Amino acid sequence: METTVIPEIIQGLKAEQKHISSKFFYDDIGSRIFQEIMQLQDYYLTDSEFEILSLQAAQIHKALQFSEPFNIIELGAGDGFKTFKLLEYLVSKEIHFNYVPIDISQEAITMLTSKLKERLPELEVKPQVGDYFEILKKMSAETVPNLLLFLGSNIGNYLKKDALDLLQLFYKNMNPGDKLLIGFDLKKNPVTINKAYYDDYGITKRFNLNLLTRMNREFDADFKLDDFDFYCHYDPITGHVKSYLVSLKAQTVYLKTIDETITFKQNELIWTELSKKYALTEIEDLASSVGFKTDTHFLDCKHYFTDSLWEK
Ligand code: AVI
C-alpha cells in the first residue's frame, strides 16, 4: 500500500466503529477473488449486466447519437468481460471509436488488453493504469465525444456523499454532450440480494479476509485469519448491504512496519463494505442533483439491474 493511505487505515482501525474502505480489496489477489465472485450463480449482478450489454448494444449505440470517431472510456475496467459484447457489436458494425480501459490493477489491464487483441484484433485499444481523473482530464481535452462507462454497480460501493463527489468529478471532467453509462443494482426481493453476498462457497468471506492477509504482508502484521469471521446483511429499507469482519475473540494485533497496535473486543466488527441498491427514482434524483440529464434506463429482463445513460 502506498504510504499516503497508512493514516486512513490506522484511523479506521482505531475508530469507535472500526472500518476499512472497500477500495483496499483490490490488490492483485483481491481482484482475482472478485473474478471468482462474478462467476457465482447467486451473484446475479454480472449476468444481469452482461444481458443488458449483449442484447441492447444496438439501442445503447443509437441512444448515444455521437459523431465518429468517439472514445469509450471505461473506469475500473477489470476483466472487461461485460463490456466485450458492446465492443463486439460496435466493431461488427464498423463503427469508428477508441476503447480506453482504465484500472488501478496493472495485472487486470494487461490481461484485458491481450484478450482483446486476440478476440477483437480490429479494436483500437488505448489502455491506461492509474488515477481516473488525471486520465479523464487528458481525454476531455480531445475534441471527440466521450462515453464514460462506470459499470458493475461500482457506484453502489460509495456512501451518498462520496458518490456525489465522484459523480461531480466525472461531470467536471466531461464536455457538454458527453455521456455516462452507469450501472446500478436495483432494489429487489431481499432474499435474492442476501444470497448474492452471503455465498455458499465462502468466496465473499475470502474476499473480505484478504484485507487482513494484505495487511499481514504489507505491514508485517500478525492478523490470524481463523480468529475472524465474515458477516453481512441487507436492509431493504435503505437498500444497504453492509459487510463486516468479526473478531471472534478479544485480541491484539501488531502492525510491525508501522509500529501500531490494534485491540479488538470479542465480536467487535470492522465494517468493510457498503453495496447500495437503488430505486429508479433515486437514480434520477442522483443524476439531476449533479446536473446530468437521465436519457434511458437499460434494464435486464428480470429488472434486477440498470445501466443508465446520462448526458452532461
Ligand atoms: C465491485 N462491487 C460492485 C461489488 C459489489 O457487489 O458491491 C463488490 C462485491 N462485494 C462483495 N461481493 C461483490
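This short presentation describes the surroundings of the ligand and then two points in the backbone.

Good morning. Please keep in mind that the structure shown is a predicted model.

I begin with the place of the ligand. Where does the ligand lie with respect to domain 1 and domain 2? Domain 1 comprises residues 3–39 and 191–276, and domain 2 comprises residues 44–188 and 278–311. Because both domains give residues to the shell around the ligand, the ligand lies between them. The space that the ligand takes is the largest cavity. Three elements each give two or more residues to the shell: helix 2 (28–38), helix 10 (203–218) and strand 12 (269–276).

Next, the residues of the shell. There are 13 residues around the ligand, and those that come nearest are Tyr43, Asn157, Tyr197, Glu273 and Ser275. By character, the shell consists of 6 nonpolar residues, 6 polar residues and 1 charged residue.

Let us now consider individual contacts. Tyr197 places a polar side-chain atom 2.5 Å from an oxygen atom of the ligand. The side chain of Ser275 has an N or O atom 2.7 Å from an oxygen atom of the ligand. In the side chain of Glu273, an N or O atom is 2.7 Å from a nitrogen atom of the ligand. How much of the ligand does the protein bury? Taken alone, the ligand exposes 340 Å², and the protein buries 98% of that area.

Finally, I turn to the loop between helix 4 (57–64) and strand 2 (70–75), where Pro69 has its place. The peptide bond that leads from Glu68 to Pro69 is cis, and its omega is near 0°. Gln65 is found in the loop between helix 4 and strand 2 as well. Although Gln65 is not a glycine, its phi is positive, at about 50°.

Thank you for your attention.

Terms used. Residues numbered from 1 in each chain as written. Predicted model: local features only at pLDDT ≥ 70, side-chain atom pairs only at ≥ 80, totals over all residues. Heavy atoms only, no water. Near = heavy atom within 4 Å. Polar contact = N/O pair within 3.5 Å; in protein donor to acceptor, adjacent residues only side chain to side chain. Areas by Shrake-Rupley, 256 points an atom, 1.4 Å probe, with all protein chains shown as cover. 1 Å grid on protein atoms, 1.4 Å probe; cavity = no way out; pocket = protein on both sides within 12 Å on 5 of 7 lines; lining within 4 Å. Sits in = over half its atoms within 2 Å of the grid points. Helix = DSSP H or I, 4+ residues; strand = E, 2+ residues; numbered from the N terminus. Nonpolar A, V, L, I, M, F, W, Y, C, P; charged D, E, K, R; others polar. Domains from an automatic or database assignment.
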